[in-house]
Amino acid sequence: MPVTVSDEQLQSQFTYIDAIASMVGGKQLRAYTHTFGCQQNEADTERIRGMLRQMGYEMTNDVNEADFILFNTCAVREHAEDRAFGNIGSLTHLKKRRPEVIIALCGCMAQQEKNVEKIKKSYPQVSLLFGTHALWRFPSLLYRVLSGEKRVFDIGGEDDIAEGLPVLRAAGPKAWLSIMYGCNNFCTYCIVPYVRGRERSRRPEEIEKELRELVEAGYKEITLLGQNVNSYGKDLGLDLDFAGLLRRLNAVPGDFWLRFMTSHPKDASPRLFDAMAACDKVAKQLHLPFQSGSDEILRRMNRRYTAADYRALIADARAKMPDITLSSDIIVGFPGETEADFEQTLKLVHDVQFDLLFTFLYSPRTGTPAASYEENATPQEKQNRFERLLKAQDEIVARRQAAYQGKTLRLLIDGTAKGPDYPFTARTEGNLLVCVRGEGITIGSFIQATIEKTSLRCLFAQKK
């Protein structure tokens with residue numbers, strides 16, 4: 001059973017929030033936050049922003065005018081780490097010019113000892129660092145800094161769940177809703193289980209309560225988050241799995257779409273696809289990472305399914321939801337990948353015909369088993385494979401996008417576009433990007449629109 005932070009523990013943090021609010025009172029202090037990485041990091045930042053707002057900070061998008069600066073970091077790929085260190089390094093002059101500025105680092109990078117030591121030795125401008133397990137203790141940590149401690153570092157804590165933290169969400173009709181945290185899969189390339197901890201599910205009544213609040217607040221697209229949502233409920237001791245949770249949440253009154261990510265193929269099931277097909281508010285969209293079409297590479301990745309298993313899942317999903325939109329992740333150049341292995345990946349891509357792919361060149365992560373695996377392909381060979389994959393997928397997407405020409409679809413207007421001809425952006429139920437024109441369009445509304453033209457990355461529509 002997952003451990004929930006007690007009311008007494010949580011109340012102690014609200015006491016620190018009140019204490020900081022008294023310190024800040026009347027000073028008009030500003031806070032700047034920047035998030036790297038996944039949607040779970042975005043959701044975590046929203047809670048930090050919620051706590052900052054209750055402390056009396058105003059949010060700003062200008063790092064130069066901020067009194068408190070926070071980077072919520074990602075450790076999944078080396079590029080994300082390099083960007084975070086680069087951003088921190090760029091603040092050296094700001095800290096010298098305004099020594100009272102507090103610079104903080106949190107997230108998955110901050111949960112790794114190697115990065116903690118690097119920050120301690122090479123980035124003295126960082127006053128506060130806390131890992132993923134210490135997020136709910138952020139008020140007491142910041143209070144220590146404001147009270148005079150020069151540097152506060154905290155990556156300790158248990159794999160617990162804190163309910164009731166304040167949230168300051170991004171503007172717009174979309175919202176994140178975490179249903180679980182952590183991961184038990186230990187794919188050999190992935191650092192997430194080491195920095196996010198073991199899987200722990202939120203209680204279904206807490207999830208439903210938050211969903212009802214989001215719907216009442218006017219959010220129209222709510223994405224359920226977890227490192228592997230298909231494992232939801234296994235640790236709760238309840239007769240409720242992820243498919244059952246979807247059915248329960250679908251019964252919440254209101255006009256909205258439910259999405260979810262990410263799913264792991266080893267835990268996807270006919271029960272899940274039955275629930276998706278039956279639930280009118282669950283978007284007919286599935287992001288199901290397969291990573292490689294080679295059974296040998298999947299074995300080396302510790303993915304615990306085969307290419308045939310994956311094809312069977314896709315066939316079942318499409319049989320029950322013929323219009324479902326499919327997306328996936330692929331890693332190119334995993335250690336041991338041969339040309340024959342890559343050809344099997346290309347074949348799976350051609351067979352499935354994905355609407356969208358997220359493709360990555362393998363990036364070794366210190367602390368994972370795959371970091372010690374022997375490489376057998378040159379960087380040039382990996383890049384060649386990567387480019388061939390992109391070309392193949394672009395050809396597939398061009399055909400699939402063109403098939404929408406003339407169709408009328410239900411869209412959620414979610415923002416403004418750059419071009420004057422189609423001034424609004426929207427998403428289909430399948431999460432495809434659409435640029436829209438027409439009279440009486442407002443952000444946050446559902447409309448019917450007809451696709452007038454298509455491109456590789458976007459559909460273009462006229463409101464009916």
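Strands here are DSSP runs of E at least two residues long, numbered from the N terminus. Keep in mind that this is a predicted model.

**Stop 1: the parallel sheet**

Start by selecting β2 to β7. They form an open sheet of 6 strands in the order β3-β2-β4-β5-β6-β7, with parallel pairing. The edges are β3 (58-59) and β7 (152-154), each of which pairs on one side only. Now colour helix α2: it packs on this sheet, touching β2 (30-35), β3, β4, β5 and β6 (126-130). Compare directions while you're there, since α2 makes about 175° with β2.

Next, zoom in on β4 (residues 68-73) and β5 (residues 102-107). These two run parallel and are joined by 6 bridges. For one register point, pick I69, whose bridge partner in β5 is I103.

**Stop 2: I48, on the helix over the sheet**

Select I48, which you'll find in α2 (residues 39-55). Is I48 buried or exposed? Its relative accessible area is 0%, so I48 is buried. Show its surroundings and, leaving aside residues up to four places away in sequence, you get contacts with L70, C106, F130, L135 and F138. Then add P166: it is 118 residues from I48 in sequence, yet the C-alpha to C-alpha distance is 8.0 Å.

**Stop 3: R83, with a long look across**

Move to helix α3 (residues 78-89) and pick R83. At 40% relative accessibility, R83 counts as partly exposed, because that class covers values between 20% and 50%. Beyond residues up to four places away in sequence, R83 touches H34 and F36. Draw a distance from R83 to L214 too: the two are 131 residues apart along the chain, and their C-alpha atoms are separated by 33 Å.

**Stop 4: a helix pair**

Select helix α8 (residues 204-216) together with helix α9 (residues 242-250). Two packed helices are described by the angle and the distance between their axes. Here the angle is about 35° and the axes are 10 Å apart, with a right-handed crossing. To see the contact itself, show P204, E205, I207, E208 and L211 of α8, then L245, R248 and L249 of α9. What kinds of residues make up this contact of α8 with α9? There are 5 nonpolar, no polar and 3 charged.

**Stop 5: S327**

Now go to strand β15 (residues 325-332) and click on S327. Its relative accessible area is 8%, so S327 is buried. Which side chain does the S327 side chain meet in a polar contact? That's H287, at 2.8 Å. H287 also appears among the residues S327 touches, a list that runs L286, H287, L288, F354 and L356 once residues up to four places away in sequence are set aside.

**Stop 6: a hairpin and its parallel neighbour**

Finish at strand β18 (residues 424-428) and strand β19 (residues 433-437), which pair in the antiparallel sense over 4 bridges. A426 stands opposite V434 in β19. The hairpin has 4 residues between the strands, and N431 takes a positive phi near 75°.

Keep β19 selected and add strand β21 (residues 459-463): this pairing is parallel, again over 4 bridges. V434 is a handy residue to centre on, since it faces A426 and also stands opposite L459 in β21.

How values were computed. Residues are numbered from 1 along each chain as its sequence is written. This is a predicted model: local features need pLDDT of at least 70, side-chain atom pairs count only at pLDDT 80 or more; totals for chains, interfaces and linings use all residues. Side-chain values use heavy atoms; hydrogens and water are left out. Buried means under 20% relative accessible area, exposed over 50%, partly exposed in between (1.4 Å probe, protein chains only). A polar contact is a pair of N or O atoms within 3.5 Å; within protein, one must be able to donate a hydrogen and the other to accept it, and residues adjacent in sequence count only if both atoms are side-chain atoms. Contact means heavy atoms within 4.5 Å. Axes are lines fitted to C-alpha atoms, for helices over the stretch in contact, and angles run from 0 to 180 degrees between N-to-C directions. A crossing is left-handed if the near helix is turned anticlockwise from the far one by less than a right angle, and right-handed if clockwise. Ala, Val, Leu, Ile, Met, Phe, Trp, Tyr, Cys and Pro count as nonpolar, Asp, Glu, Lys and Arg as charged, and the others, Gly among them, as polar. Two strands pair if DSSP finds at least two bridges between them.
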